[in-house]
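Subject: Structure handover

Hello,

Here is the structure I said I would pass on. My notes on what was found in it follow below.

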Amino acid sequence: MRKSIVLGMLFAAACGANALQATSVPAAIKPYLTMTASPSAARPDGLVVSATTPLPVPTPFTYTVKPGDTLGQLALKFNVSLSALMAANPNVDPNSMSIGQTLKIPSPQNLSGASTPTPVPFPVRQITCFPTADRGMWCFVLIYNDSKYVLEDITAQITLMGATGESIASQTATLPLDILASHSAMPLSAYFAPAVPLNARPQVEILTGIQVQPGDPRYLPGSLQNTAVEMDPSGLTAQVNGQVLLAASASTAAKLIWVVAIAYDQSQAVVGVRRWESTSGLSAGGSLPFSFVVSSIAGKISRVELAVEARP
């Protein structure tokens, strides 16, 4: 008999689509293509070299003037002062903007447009690595965004160290989504090909992370609803179902939708990640059902969390 778990939802930016035309494409996430579940896999302890990273304030982006736009409306839309917007576009006449004209939109915290490092807390909650049957190794680095901003382009360097402190291999780990919502957690992951010594220990250094300002047109607002998990009797796989909603206030339709499932074991260690994808398109106010399977690399799944992202 299967056990059903109603999921808590993580918000990231989202969107939906016409359910009749929606198509899903399982992402090529290696744990589900190359891994064999190993309930007894060892978990090397990890060392965080840098748990805090300078997060560069994003450089200003550009906006193309549309019919009916005014500088005052755009300042409000992008959460900047009118004077800052005018200062960033000194050659633009606010009384005679042309449709198709390009404007420079400054960051609210970087009105000059300069890219300067801003130290922001970036905690690492856990590091878990799982050897595979062919002596490869998967590593997960669970990070937590404790800032008030959505973050993007988050990466970390994972280096496997030998028993005497020598470097065995090193890789850049990435998130399954482009963004991480405020006050939420998600694992970076990396796979090390055979042959990895069983006594290898991971060392982690956070490399990058960028703050996403409110109103960034590259991401669309959305949410998940009716999310549920049906656990397989073995506990090693779980069927994930639900719907993605794109807010009616979204400025445009979504062309790309990602939903990520993160599987945790009873000790709250990350044991699996999988991403579901749709490129069928989703209009504002629409919804899109999703259904896919997430598997454990090592041990039984205790709970699953979801995150969603949508791009125009």
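The side chain of Glu309 comes within 3.3 Å of the backbone nitrogen of Ile179. The model is a predicted one, and that distance, like the others here, is computed from it. Glu309 sits in strand E20, which covers residues 303-311. Is Glu309 buried or exposed? Its relative accessibility is 1%, so Glu309 counts as buried. The C-alpha atom of Glu309 is 9.9 Å from that of Ala254, although 55 residues separate the two along the chain.

Confidence

The average pLDDT of the protein is 76, and 75% of the residues reach at least 70. Residues 1-44 have a pLDDT below 50, and the model gives this stretch 150 contacts beyond near neighbours in sequence. Residues 109-120 also stay under 50. For residues 109-120 the model has 27 contacts beyond four places in sequence. Please keep these two stretches in mind when you look at the model.

Overall make-up

The protein has 312 residues, of which 47% count as buried. How many helices and strands does the protein have? There are 3 helices and 20 strands. Taking contacts between residues at least 6 apart in sequence, 76% of them join residues at least 24 apart. The exposed surface comes to about 14,000 Å², with 54% of it supplied by carbon and sulfur atoms.

Nonpolar cores

The largest nonpolar core holds 66 residues. Which of its members touch the most others? They are Ile143, Val240, Val259 and Phe290. Leaving out residues up to four places away in sequence, Val259 touches Leu224, Val244, Arg274, Arg275, Trp276, Phe290, Phe292, Leu306, Ala307 and Val308. There is also a second, separate core of 12 residues, and among its members are Tyr63, Val65, Ala75 and Leu85.

Two members of that second core, Tyr63 and Val65, come up again with Gln101. Apart from neighbours within four places in sequence, Gln101 is in contact with Tyr63, Thr64, Val65 and Val92. The C-alpha atoms of Gln101 and Tyr63 are 8.2 Å apart, with their positions 38 residues apart along the chain. Gln101 lies in the loop between helix H3 (82-88) and strand E6 (102-105). A polar atom of the Gln101 side chain is 3.0 Å from the backbone nitrogen of Ser98. With 23% relative accessibility, Gln101 counts as partly exposed.

The disulfide and the loop beside it

The count of disulfides is 1. Which residues does the disulfide join? It joins Cys129 to Cys139, with an S to S distance of 2.1 Å. Cys129 belongs to strand E8 (residues 124-131) and Cys139 to strand E9 (residues 137-145), and the two cysteines are 10 residues apart. Why is the disulfide right-handed? The torsion about the S-S bond of Cys129 and Cys139 is about 110 degrees, so the disulfide is right-handed. Cys129 and Cys139 are both buried.

The loop between E8 and E9 contains Arg135. The phi of Arg135 is near 75 degrees, a positive value in a residue other than glycine. Arg135 has a relative accessible area of 44%, so it is partly exposed.

On the other side of E8, Pro123 is placed in the loop between strand E7 (117-121) and E8. Pro123 has 27% relative accessibility and therefore counts as partly exposed. Its C-alpha atom is 9.3 Å from that of Ile206, 83 residues away along the chain.

Other backbone points

Most residues other than glycine have a negative phi, and most peptide bonds are trans. Besides Arg135, a positive phi is found at His183, where the value is near 55 degrees. His183 lies in the loop between strand E12 (179-180) and E13.

Where is Ala195 placed? Ala195 is in the loop between strand E13 (184-192) and strand E14 (201-212). The peptide bond from Pro194 to Ala195 is cis, and its omega is near 0 degrees.

Regards

How values were computed: Residues are numbered from 1 along each chain as its sequence is written. This is a predicted model: local features need pLDDT of at least 70, side-chain atom pairs count only at pLDDT 80 or more; totals for chains, interfaces and linings use all residues. Side-chain values use heavy atoms; hydrogens and water are left out. A disulfide is a pair of cysteine sulfur atoms within 2.5 Å. Helices (H or I, at least four residues) and strands (E, at least two) are DSSP runs, numbered from the N terminus. Buried means under 20% relative accessible area, exposed over 50%, partly exposed in between (1.4 Å probe, protein chains only). pLDDT is the predictor's confidence in each residue, from 0 to 100. Contact means heavy atoms within 4.5 Å. A nonpolar core is a set of buried Ala, Val, Leu, Ile, Met, Phe, Trp, Tyr and Cys residues joined through side-chain atoms within 4.5 Å. Accessible areas come from the Shrake-Rupley method with a 1.4 Å probe; for residues, only the protein chains shown count as cover. A polar contact is a pair of N or O atoms within 3.5 Å; within protein, one must be able to donate a hydrogen and the other to accept it, and residues adjacent in sequence count only if both atoms are side-chain atoms.
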